[in-house]
Amino acid sequence: MQCLEKLNASTKLKKRKKVPWGKREESNIENWEEIRCKIADVLIECETLKKNCDNCQAEKAVIRCTSCVQAFCFQCDINIHMNDPFHDRISYENGFGLPLSCCESLDENFAIQNQEKIIKFSYDCCTVCSSTLKEIVPTKESCVVLNIKGRFDINKYIYVCSSCGSKYDPFNLKCILKSNYWPGTPSSISLIIDVELFRMWDLLRKRSPGIAENCFLQSLGDYSKLNNRLKIENYLLRIMLSDNVH
Ligand SMILES: [Zn+2]
Ligand SMILES: [Zn+2]
Ligand SMILES: [Zn+2]
């Protein structure tokens with residue numbers, strides 16, 4: 001009990017002792033000065049690849065993924081990111097960091113190659129035999145995806161039922177809406193927009209009523225280019241700015 005009273009008394013004393021804003025700011029600056037070197041060391045360490053792949057622990061690490069916060073060998077990078085194209089990855093093979101676009105990967109000689117990338121859509125079961133087992137078969141067609149990280153070019157694909165061989169094209173209105181995307185075009189879907197992007201734009205324009213929609217979209221395009229992805233071209237801007245899309 002006595003201990004508690006002492007603790008209360010000391011807490012009250014501490015509360016009463018107010019440090020002026022100027023002093024607090026001075027001490028903050030000193031603290032930042034103290035950790036400045038540590039921050040630099042950590043950032044330099046982040047730019048240095050580990051020797052071995054974080055996934056298989058056996059092969060040489062050649063790619064760092066800033067989303068997974070891991071380093072991968074060329075094969076693990078392909079396996080892990082095949083169905084996850086929205087991760088920004090950097091190749092360190094030539095001695096400097098080079099951002100890889102979502103449809104690029106490294107081959108066994110560490111040269112950049114084109115890589116099929118897909119995004120998975122909602123799929124319940126085969127409409128013919130009700131089997132849930134299916135195979136994903138990429139097609140030659142591509143589709144542009146816009147989300148809050150900018151533009152990603154992915155491959156279209158079809159689901160093939162593993163039991164009866166029935167084919168199902170998931171790039172249709174129902175499947176896209178059920179997967180939280182919005183179609184950019186009413187038929188032969190070649191552009192889909194993440195619903196989160198509309199939410200972000202809606203919040204932004206309420207906070208900044210003067211902001212122009214095409215400036216927002218161009219900033220997204222700039223961010224895409226920064227990560228070595230394709231820019232948002234004028235035809236995409238026209239589609240996005242059309243009233244039918246909103
Ligand atoms: Zn590996
Ligand atoms: Zn990743
Ligand atoms: Zn089937």
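**Group meeting talk: one loop residue, one helix, two sets of strands**

Let me begin with Ala58, which counts as exposed because it has 9 C-beta neighbours inside 10 Å; a residue is called exposed if 12 or fewer other C-beta atoms lie within 10 Å of its own, buried if there are 20 or more, and partly exposed in between, with the C-beta atoms placed from the backbone. Before going on, I should say that this is a predicted model, in which local features need pLDDT of at least 70 and side-chain atom pairs count only at pLDDT 80 or more, while totals for chains, interfaces and linings use all residues. Residues are numbered from 1 along each chain as its sequence is written, and chains are lettered from A and ligands numbered from 1 in the order in which they are written.

Ala58 is found in the loop between helix 2, residues 21-46, and strand 1, where helices (H or I, at least four residues) and strands (E, at least two) are DSSP runs, numbered from the N terminus. Leaving aside neighbours within four places in sequence, Ala58 is in contact with Asn52 and Cys53, contact meaning that the C-beta atoms, placed from the backbone, lie within 7 Å.

What about helix 2 itself? Of its 26 residues the number buried is 0, so helix 2 lies largely in the open. A kink of about 40° is centred on Ile35 in this helix, the bend at a residue being the angle between axes fitted to the seven residues ending there and the seven starting there.

On the other side of the loop, strand 1 (residues 63-65) pairs with strand 2 in the antiparallel sense over 3 bridges, and two strands pair if DSSP finds at least two bridges between them. Within this pairing, Arg64 has Ala71 in strand 2 as its bridge partner. Both strands belong to an open sheet of 4 strands in the order 2-1-3-4, with antiparallel pairing, and its edge strands, each pairing on one side only, are strand 2 (70-72) and strand 4 (98-100).

Which strands does helix 3 lie across? Helix 3, residues 74-81, lies across strand 1, strand 2 and strand 3 (89-91), and runs at about 115° to strand 2; here axes are lines fitted to C-alpha atoms, for helices over the stretch in contact, and angles run from 0 to 180 degrees between N-to-C directions.

Finally, strand 11 (residues 191-194) runs parallel to strand 7 (residues 134-147), joined by 3 bridges, and Val145 stands opposite Ile192 there. Strand 11 also pairs with strand 10 (residues 181-183), in the antiparallel sense over 3 bridges, with Ile193 as the bridge partner of Trp182.

Key. Two residues are in contact if their C-beta atoms, placed from the backbone, lie within 7 Å.
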